[in-house]
Amino acid sequence: MSRMWSMERYGEVAKHLRRHGIAPLVLWGGTREYQLAKQVIDVSEGTAVLAPDTTLPQLAAILQASEFYLGSETGPMHLAAALGVGCVSLHGPTSFEKSGPYGSQHEPIQRIYSPENRKTASNESMMAISIDDVVKACDRIIKKLRPA
């Protein structure tokens, strides 16, 4: 829960990304994440696309073919970074300086750092990250990828 951002906010960011010609693909794993992914699709008014159920090698292939990754500090974010994919990473109670991703191609966002145990922490620090924070970080990473 401490690493969860709002599905509604992801949906709003997806609409913004579509204006850049990006078709956001919403990844998921398991029944609970599938339901959350569908919420993002609904809020995005169909601008985001629901990924199929994937294996780990398929996830790696999808990430490697992506322009960039947007999401919280989880396994897929670390896999994307390891594959050299730029990340807009959202960080809650885990310090982004310690948990990566590392490098100038990434745009980590953290508004509140509280050194609580992440397994028992609320998502207050994640919810301090606004849609505008994420949109601006996405715009910066897009500008890096598509220089004028």
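This note walks through a few features of the structure above, point by point.

1. **Ground rules.** This is a predicted model, in which local features need pLDDT of at least 70, side-chain atom pairs count only at pLDDT 80 or more, and totals for chains, interfaces and linings use all residues. Residues are numbered from 1 along each chain as its sequence is written, and side-chain values use heavy atoms, with hydrogens and water left out.

2. **The sheet.** A good place to begin is the open sheet, where three strands run in the order 3-4-5 with parallel pairing. Strand 3 (69-72) and strand 5 (107-109) are its edges, each pairing on one side only. From one strand to the next, the twist averages 10 degrees. Helices (H or I, at least four residues) and strands (E, at least two) are DSSP runs numbered from the N terminus, and two strands pair if DSSP finds at least two bridges between them. The twist rests on axes, which are lines fitted to C-alpha atoms (for helices over the stretch in contact), with angles from 0 to 180 degrees between N-to-C directions. As background, strands of a sheet pair through backbone hydrogen bonds, either parallel or antiparallel.

3. **How the strands are joined.** Strand 3 and strand 4 are paired in the parallel sense over four bridges; here L70 has V88 in strand 4 as its bridge partner. On the other pairing, strand 4 (residues 87-90) meets strand 5 over three bridges, again in the parallel sense. There S89 is matched with P108 of strand 5.

4. **Strand 4, face by face.** Are the two faces of strand 4 buried or exposed? Both are covered: C87 and S89 on one side, and V88 and L90 on the other, are all buried. Buried means under 20% relative accessible area, exposed over 50%, and partly exposed in between (1.4 Å probe, protein chains only). In a regular strand the side chains alternate between the two faces of the sheet. Take L90, which lies in strand 4: it counts as buried because its relative accessibility is 1%. The C-alpha atoms of L90 and K143 are separated by 19 Å, with the two positions 53 residues apart along the chain.

5. **Aromatic pairs.** Searching the whole structure gives two aromatic pairs. In one, W5 and Y10 sit edge-to-face, 4.9 Å centre to centre and with 85 degrees between the planes. W5 is buried at a relative accessible area of 1%, and Y10 is buried too, at 15%. The rings of W28 and Y34 have centres 4.9 Å apart and planes at 65 degrees, so this pair is also edge-to-face. Rings of Phe, Tyr and Trp (its six-membered ring) pair if their centres lie within 6.5 Å; planes under 30 degrees apart count as stacked, over 60 as edge-to-face and the rest as tilted.

6. **More on W28.** W28 is found in the loop between strand 1 and helix 2. Its relative accessibility is 15%, so W28 counts as buried, whereas Y34 is partly exposed at 28%. W28 and T54 are 26 residues apart along the chain, and their C-alpha atoms are separated by 8.2 Å.

7. **The largest pocket.** About 1100 Å³ of space lies in this pocket. Its lining has 37 residues, and V26, L27, Y69, L70 and G71 lie nearest the centre. Elements giving two or more residues to the lining are helix 1 (7-19), strand 1 (25-26), helix 2 (30-43), helix 3 (56-64) and strand 3. On a 1 Å grid over the protein atoms alone, a pocket is an open set of points with protein on both sides within 12 Å along at least five of seven lines, and lining residues have an atom within 4 Å of a point. Grid points are joined across faces, edges and corners, and a volume is the space filled by probe spheres set on the points.

8. **What lines the pocket.** The lining divides into 26 nonpolar, seven polar and four charged residues. Ala, Val, Leu, Ile, Met, Phe, Trp, Tyr, Cys and Pro count as nonpolar, Asp, Glu, Lys and Arg as charged, and the others, Gly among them, as polar.

9. **Three loop residues.** H106 has its place in the loop between helix 5 (96-99) and strand 5, and H106 is buried at a relative accessible area of 5%. E45, in the loop between helix 2 and strand 2 (49-50), counts as exposed because its relative accessibility is 63%. Phi of E45 is near 55 degrees, a positive value in a residue other than glycine. S130 belongs to the loop between helix 6 (124-127) and helix 7 (131-145), and at 26% relative accessibility S130 counts as partly exposed.

Note on methods. 1 Å grid on protein atoms, 1.4 Å probe; cavity = no way out; pocket = protein on both sides within 12 Å on 5 of 7 lines; lining within 4 Å.
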